[in-house]
Amino acid sequence: MPVTVVLGAQWGDEGKGKVVDLLSQDADIVVRYQGGNNAGHTIKNERGDFALHLIPSGILNPDTIAVIGNGVVIDPTALRAEIDELENLGVSTANLKISLNAHLIMPYHILLDKVGENVLGRRKIGTTRRGIGPAYTDKAARVGVRVQDLLDPKIFHQKVHAAMETKSVLLRLVYDQNVVGLEAECDRYLSMAETLRPYITDVSLLVWQAAKAGRRIVFEGAQGTMLDIDHGTYPFVTSSNPVAGFAAVGAGIGPTMIDEVIGVSKAYATRVGEGPFPTELLDQRGRTLRDVGHEFGTTTGRERRCGWLDLVALRYAVRVNGMTGLVITKLDVLNQFDEIEVCTAYRHGSEIIHEMPRHQSVFHKVEPIYERLPGWKSDVSGARALSDLPKAARDFLAYVSDHTETPLTLVSVGPRREDTIHLT
């Protein structure tokens, strides 16, 4: 296995956790390169069921080093809780490594996220209100607090005090929030510093040395391409770059060290939160996808909006990520349908659009043009080879591969590791 990036090809929640869990069985290092605890992976394997939010999926393999890169924003309280939960479940976190340069989500970031969404009302973005956006804002504004600052209490206090000078005024005068005790709440992070110290290291050097030595590395993205802050459905996006190009930046290595980019897509489409979603189904078919697919957020528990597979968006994801392979998950959820629809283009007025619209307002108004494919109306969850699938299911997969011009590498037909068809 070369150096591989695994990322979401839709609006997140595609089943990346299972794919990384599978690949990490043969990996030496798994690196999470962006996002925060606003994302989550649900993993089911022989050790049990796990919901991960910050820690890479590779942590479940005892011989794999799990790395949180500099591109991630970290809530130390959430991270500490996740470490403790894994340890209580019998999963060692001794191989966890955290970048010195990752930024911290501070208590004032969480408060700003909550009140900011409340003020927006109907224009809200649909964030998880976990402080992710404000933390990335401070990072870009060069007033952020980093993991390494936890190891120097003097520097930590100076940075927090400087940030609180402006944040407290904003929260008090603009949002009418009581900020008494907020700085003291920030100081609680220092009490966790010593417990996190063994995990903190120079991740850039660690990953570079491993890549130079030919070790097997998997980069794990959070969210999905359509939530990328530059290439997604802005402004209804996350605050970081889930696309493959950011994997090198978020870990501190050069892009020439990456060999493969694997995109993960459901056999249908979902998204959480606000924003355009052309193939969304608001009828019984959408409810069937949600209920059979258990489409509820790992981190928030929110219901996911469900719809048919959108090949226009998927082709776009292939292009902006330079995908070398594609994984299709949750094929088994489509067992229920006599007929399956796949969006191949959009209609906007009299215009037929085959690529992602250049203008946001157009994308909000497009209507999907569907190709109807026959369903298979049989249980595919026991399939372990392509030949085990009904012809209609094989034809569906071939249709997706042909229209995206991307070879399929895996097909998932259930939540467990073994519920997988390996194609390469």
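# How do we know? Questions about a predicted model

Author: Let's start in a loop: proline 235 lies between β10 and α8 (245-251). Keep in mind that this is a predicted model.

Reader: What makes the peptide bond from tyrosine 234 to proline 235 stand out?

Author: The bond from tyrosine 234 to proline 235 is cis, with omega near 5°. That loop between β10 and α8 also holds glutamine 223.

Reader: What sign does phi have at glutamine 223?

Author: Positive, at about 55°, although glutamine 223 is not a glycine.

Reader: And is glutamine 223 buried or exposed?

Author: Glutamine 223 has a relative accessible area of 8%. Buried means under 20%, so glutamine 223 makes the cut. Now compare lysine 377, in the loop between β18 (367-374) and α12. Its phi is positive too, near 45°, and lysine 377 is a residue other than glycine.

Reader: Why is lysine 377, at 48%, called partly exposed?

Author: Exposed needs over 50% and buried needs under 20%. Lysine 377 has 48%, so it falls in between and counts as partly exposed.

Reader: What about glycine 214, then: buried or exposed?

Author: Exposed: glycine 214 is at 58%, and the cut-off is over 50%. Glycine 214 lies in the loop between α7 (203-212) and β10 (217-220). The C-alpha atoms of glycine 214 and aspartate 28 are 10.0 Å apart, though 186 residues separate the two along the chain.

Reader: How many disulfides does the structure hold?

Author: Zero. Take cysteine 343: the nearest cysteine sulfur, on cysteine 306, is 16 Å away. A disulfide needs two cysteine sulfur atoms within 2.5 Å, so cysteine 343 is in no disulfide. Cysteine 343 is buried, by the way, at 0% relative accessibility, and cysteine 186 is buried with 0% as well.

Reader: How many salt bridges are there?

Author: The structure holds 22.

Reader: What makes lysine 16 and glutamate 14 a salt bridge?

Author: Their closest N and O atoms are 2.8 Å apart. The limit is 4 Å between a side-chain nitrogen of Lys or Arg and a carboxyl oxygen of Asp or Glu, so the pair qualifies. Both partners are buried: lysine 16 has 4% relative accessibility and glutamate 14 has 1%.

Reader: Which parts of the chain does the pair of arginine 305 and glutamate 280 link?

Author: At 3.0 Å between the closest N and O atoms, arginine 305 and glutamate 280 form a salt bridge. The two are 25 residues apart: arginine 305 sits in strand β13 (residues 305-307), and glutamate 280 in the loop between β12 (269-271) and α9 (284-292). Glutamate 280 is partly exposed, at 25%.

Reader: How are aspartate 395 and lysine 391 placed in helix α12?

Author: They are four residues apart in α12 (residues 391-404), which means about one helical turn separates them. Their side chains meet in a salt bridge of 2.7 Å, N to O. Lysine 391 is exposed at 54%, while aspartate 395 is partly exposed at 38%. Elsewhere, salt bridges with shared partners join Asp13, Lys266, Glu295, Arg304 and Lys330 into one network.

Reader: What is the order of the strands in the open sheet?

Author: The ten strands run β9-β7-β5-β2-β10-β1-β11-β15-β19-β20, with mixed pairing.

Reader: Why are β9 and β20 said to stand at the edges?

Author: Each has a single partner strand, so one side of β9 (200-201) and one side of β20 have no neighbour in the sheet.

Reader: How do you know that β15 and β19 pair?

Author: Pairing takes at least two bridges, and strand β15 (residues 325-329) shares three with β19, in the parallel sense. Isoleucine 328 stands opposite valine 411 in β19. Helix α12 packs on the sheet here, touching β15 and β19, and its direction makes about 145° with that of β15.

Reader: Where is arginine 417, and what makes its meeting with asparagine 61 a polar contact?

Author: Arginine 417 is in the loop between β19 (408-412) and β20 (420-422). The side chains of arginine 417 and asparagine 61 come to 3.2 Å, and the limit for such N or O pairs is 3.5 Å. Arginine 417 also touches other residues, including Lys18, Asp21 and Glu46. At 10% relative accessibility, arginine 417 counts as buried.

Definitions and conventions
Residues numbered from 1 in each chain as written. Predicted model: local features only at pLDDT ≥ 70, side-chain atom pairs only at ≥ 80, totals over all residues. Heavy atoms only, no water. Buried < 20%, exposed > 50% of the residue type's maximum accessible area, 1.4 Å probe, protein only. Polar contact = N/O pair within 3.5 Å; in protein donor to acceptor, adjacent residues only side chain to side chain. Contact = heavy atoms within 4.5 Å. Axes fitted to C-alpha atoms, helices over the stretch in contact; angles between N-to-C directions. Lists of a residue's contacts leave out its neighbours within four places in sequence.
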